[in-house]
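Here are some short exercises to work through with the model open beside you. Try each task before you read its solution.

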Amino acid sequence: MDKPDDAVLTGPVIEDEELSGMRFETLGYWESFYKVSDGKQKPEFYDWYYEFDALKAILMEHVNSNTKIIDVGCGNSLVPVELAKAAEEVVGLDYSPVCIQQMKERFQSVPGLSFVIGDVTAMGYDEHYFDVVMEKGCLDAICSGQNYAKMLLLSLQEICRIMKPGGLFLHFTWAPLDGLGGRGPYLLHPSLDWELGKVSRIPATGGTQEFNFCYRFVKRGG
């Protein structure tokens, strides 16, 4: 399978010597990205691809007052904060302790919202816990690594495990299912107990692409 083309990844770009040469899939990159420097966090908030308003129509179609949703690889995006206004429980999960500590301090008083340090391949939640799992750029960052195949499949298997039967996985990405960087063999792997539902194309706001994708995967058994 072709490796995703790193050139189309529209990840954070910050002029910082500490970030030079680091890769999106490494913890060191993100710890340096989020750390406080000279008393100021950088950046205050950041969203890969889209902020909440651009995705609101898609997200709110699947969220209500009974929804338990987790944003995997949340970073310091405000998407979980906005979702908490409508959902029963919202979790923002990221493997950067620096980032999670900052988000906890800022939003500890928001009802139903929590931020946790976690590994997407072993998140520690009970099987069938979440109604919705979403990620926006997290798997793209994983796929920027040289040996991404195992990590990607383990991540998808863990995402599927924590979804309720009939639950939804929202995968926001630049990557098509086939062609250059195609992830179909992973996303449609026989070990994943879900089916591909609606696919949306969303106009891109940066990078070299005209649009990005939202893939909806529905877990069987609901």
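Helices (H or I, at least four residues) and strands (E, at least two) are DSSP runs, numbered from the N terminus. This is a predicted model, where local features need pLDDT of at least 70, side-chain atom pairs count only at pLDDT 80 or more, and totals for chains, interfaces and linings use all residues. Residues are numbered from 1 along each chain as its sequence is written, and side-chain values use heavy atoms, with hydrogens and water left out.

**Exercise 1.** Take stock of the whole protein.

Solution.
- Start with the elements: there are seven helices and nine strands.
- Next, burial (under 20% relative accessible area, exposed being over 50% and partly exposed in between; 1.4 Å probe, protein chains only): 50% of the 222 residues count as buried.
- Then contacts (heavy atoms within 4.5 Å): among those with a separation of 6 or more, 67% are between residues 24 or more positions apart.

**Exercise 2.** Find which residues of helix α4 are buried, and how they are arranged.

Solution.
- Within α4 (residues 97–107), the buried residues are C99, I100, Q102, M103 and F107.
- Looking down the axis of α4, these residues fall within an arc of 160°, so they line one face of the helix. The arc is taken from the directions from the helix axis to the C-beta atoms.

**Exercise 3.** Describe the surroundings of E158.

Solution.
- Locate E158 in helix α6 (residues 148–162).
- Check its exposure: E158 is buried, with a relative accessible area of 8%.
- List its neighbours: leaving aside residues up to four places away in sequence, E158 touches V120, T121, A122, M123 and G124.
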